[in-house]
Amino acid sequence: MENRYTKISREDLEDLKEAFDKIDEEKVAFARWINKALGKDPDCSHLLPINPEDESLFASVRDGIVLCKLINLSQPDTIDERVINTKKLTTFTRRENIVLALNSASAIGCTVVSIDAHDLMAGKPHLVLGLLWQIIKIGLFADIEITRNEGLISLLMEGEDLEHLVSLSPEELLLRWVNYHLINAGTDTINNFSADIKDSRAYFHLLDQISPKDEDEFHMGIKINMAGLSEWDLERRAELMLQEAAKLDCRQFVSPRDVTSGNAKLNLAFVANLYNMHPGLHKAKFNLDGEHIEAETREEKTFRNWMNSLGVSPRVNHLYRDLCDGLVILQLLEKVRVVVNWKKVNNPPYPQLGGNMKKLENCNYAVKLSKDEANFSLVGVGGENLNEGSRTHTLALVWQLMRRYSVMVLSDLGNGEKVVDQFILNWVNATLKEKRKDTQISSFKDKLISTSLPVIDLIDAIAPTMVKWDMVKRGERGVLKNDEKLNNAKYAISLARKIGARVYALPDDLVEVKPKMVMTVFACLMGHNLKRGKC
């Protein structure tokens, strides 16, 4: 007789146990982080504190409030909190909050393509934990870049140029930061946040290096007790180490077991929090020969977040440097329905000799597809421009990719880009007129857009009852002050996301009437309305 039962090997059982253990470890870590971060927020009082020992974490996301608050904690002002439903919640208003959270998470660079409101309302553990980790990680990593802390220049190695240091990912910078302090402590460095930290040795020395030192009788330092290094039991040693971390208010994310098991994700979070609280770096005394580090522009950040939200791999940390091998561009071309022959693509690791030629071949292929198949206007743009990280040429291509993505849902309405623009504009004005709104716009450069009133009126037209008009500033005789314009813009962007439009533009794009980003806002609203009409 045929055996109807699947045999599971001991190795498979151990793998399953390890997977469940990690889910449990993350659940505890994230619950405690949320309790600490949002514990005083009155809008979360009905949910907090979350019991880390049961399934409360998964229930806590069901009304969307905690998710919205966490997003604002990671990237302040992403969500206008006036838009969050906090009173007398129903299934419908809870769902609105989750849609707002998902679209806002996407706007800050979280990959949410495989998650929907139903998944979160059902509290599916692996999806909840995955989304929470992305949101928390973005917040933890926000300041791990040289333009935010020039002290990171101290991490330059002998003979290394600044360009290479700037190109490192946040994870690589954190590892470099830890080793900088371990070298100063005269102890061995580490290569990872898993196997190499299991004995807590590196952590004891790191804490000792970054702890505040005595300045004078009024500014006393914090003394780290290193006696735990002589404890032979590694779990007990980890507990002693965490007691020292607690003196720095940094006992978050890991338990002694997480340390001794080498949970890479949670140890990375632990170290990132240590860096944010106590970087222990001083302004570098290097002679940089006039080298200047430019901070990321708002437009660059929007493009980068859009790419990451689509799940490109590897993650884009630096817009120009991370596109120079063409791989991300090719993935984005696939996202906008251009067929990519991956057999023609060179994948990493690239050889030391001739490696850049392999990257250049990818870039040439990406540009060829962009011109021949996507019909992008790329006069004077070649693969070498992408490979060299040319700002102007890269932006020209990236913008057309994002534009194509934004209007994809409208592709049946017209063939050329100009026609698509005109269709969107015509639809906006026709919809406003039909609902007897007087905020007609002549183009995506119309100065009236700086008030955000056309956007808010359009949202009211396609989603009646969503706009709370007492929140909207009309100004005296139609003239708004700058702060009133920004107020309206924040409200408009969050409202658009709340009704289901995946908007990547920022409030400042409306206030300053950036026509490219303005167009994407209206395209997303039009696309949302068309999709809803087909449902």
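A residue counts as buried when its relative accessible area is under 20%. That cut-off helps with W177, which has 0% relative accessibility and therefore counts as buried. W177 is a good place to begin a tour of this structure, which is a predicted model.

## How confident is the model?

Across the protein chain, pLDDT averages 92, and 92% of the residues score at least 70. One stretch calls for more care: over residues 413–417, pLDDT stays under 50. For those residues the model has 8 contacts beyond four places in sequence.

## W177, its partner and the core

The structure holds 6 aromatic pairs. One of them joins W177 and Y275: their ring centres are 5.4 Å apart and their planes stand at 90°, so this pair is edge-to-face. W177 belongs to helix α8 (residues 170–184) and Y275 to helix α12 (residues 264–277), so the pair ties together parts that are 98 residues apart in sequence. Y275, like its partner, is out of the way: its relative accessibility is 3%, so Y275 counts as buried.

W177 also stands out in the largest nonpolar core, which has 171 residues. Together with L333 and I424, W177 touches the most other members of that core. The helix that gives the most to this core is α6 (residues 125–141), with 11 residues.

What does I424 touch beyond its neighbours within four places in sequence? Its contacts are V407, L410, F444, M519, F522, A523 and M526.

## Two helices to look at

Helix α12, the home of Y275, is mostly covered, with 10 of its 14 residues buried. The buried ones are L266, N267, L268, A269, F270, V271, A272, N273, L274 and Y275. Its length fits expectation too: at 1.5 Å a residue, 14 residues should span 20 Å, and the end C-alpha atoms of α12 are 20 Å apart, which agrees.

Helix α17 (residues 391–407) can be checked in the same manner. Its 17 residues should span 24 Å at 1.5 Å a residue, and its end C-alpha atoms are 24 Å apart, which agrees. In α17, 12 of the 17 residues are buried, so the helix is largely enclosed by the rest of the structure. Among the buried residues are L395, W399, R403, R404 and V407; V407 is also one of the contacts of I424.

## Cysteines without disulfides

A search of the whole structure finds 0 disulfides. C44 is in none, and its nearest cysteine sulfur, that of C68, is 9.6 Å away. C44 has 0% relative accessibility and so counts as buried.

Why does C363 not form a bond with C324? The sulfur of C324 is the closest cysteine sulfur to that of C363, but at 6.8 Å it is too far for a bond; a disulfide would need the two sulfur atoms within 2.5 Å. C363 counts as buried as well, because its relative accessibility is 0%.

## Details in the loops

Several loop residues deserve a visit. L248 sits in the loop between α10 (234–247) and α11 (256–261). Is L248 buried or exposed? At 3% relative accessibility, L248 counts as buried. Not counting residues up to four places away in sequence, L248 touches L207, I210, S211, P212, I222, M277 and H278. The C-alpha atoms of L248 and S211 are separated by 7.1 Å, although the two residues are 37 residues apart along the chain.

Two peptide bonds leading into prolines are cis. The bond from L48 to P49 has omega near 0°, and P49 is found in the loop between α1 (10–38) and α2 (56–60). The bond joining P348 and P349 has omega of about 0°, and P349 lies in the loop between α14 (327–335) and α15 (355–372).

Two residues other than glycine have a positive phi, as the table shows.

| Residue | Phi | Loop | Relative accessibility |
|---|---|---|---|
| R337 | near 70° | between α14 and α15 | 60%, exposed |
| S452 | near 65° | between α18 (417–434) and α19 (453–462) | 0%, buried |

R337 is thus exposed, with a relative accessible area of 60%, whereas S452 counts as buried at 0% relative accessibility.

How values were computed:
Residues are numbered from 1 along each chain as its sequence is written. This is a predicted model: local features need pLDDT of at least 70, side-chain atom pairs count only at pLDDT 80 or more; totals for chains, interfaces and linings use all residues. Side-chain values use heavy atoms; hydrogens and water are left out. Helices (H or I, at least four residues) and strands (E, at least two) are DSSP runs, numbered from the N terminus. The expected span of a helix is 1.5 Å times one less than its number of residues. Buried means under 20% relative accessible area, exposed over 50%, partly exposed in between (1.4 Å probe, protein chains only). pLDDT is the predictor's confidence in each residue, from 0 to 100. Contact means heavy atoms within 4.5 Å. Rings of Phe, Tyr and Trp (its six-membered ring) pair if their centres lie within 6.5 Å; planes under 30 degrees apart count as stacked, over 60 as edge-to-face and the rest as tilted. A nonpolar core is a set of buried Ala, Val, Leu, Ile, Met, Phe, Trp, Tyr and Cys residues joined through side-chain atoms within 4.5 Å.
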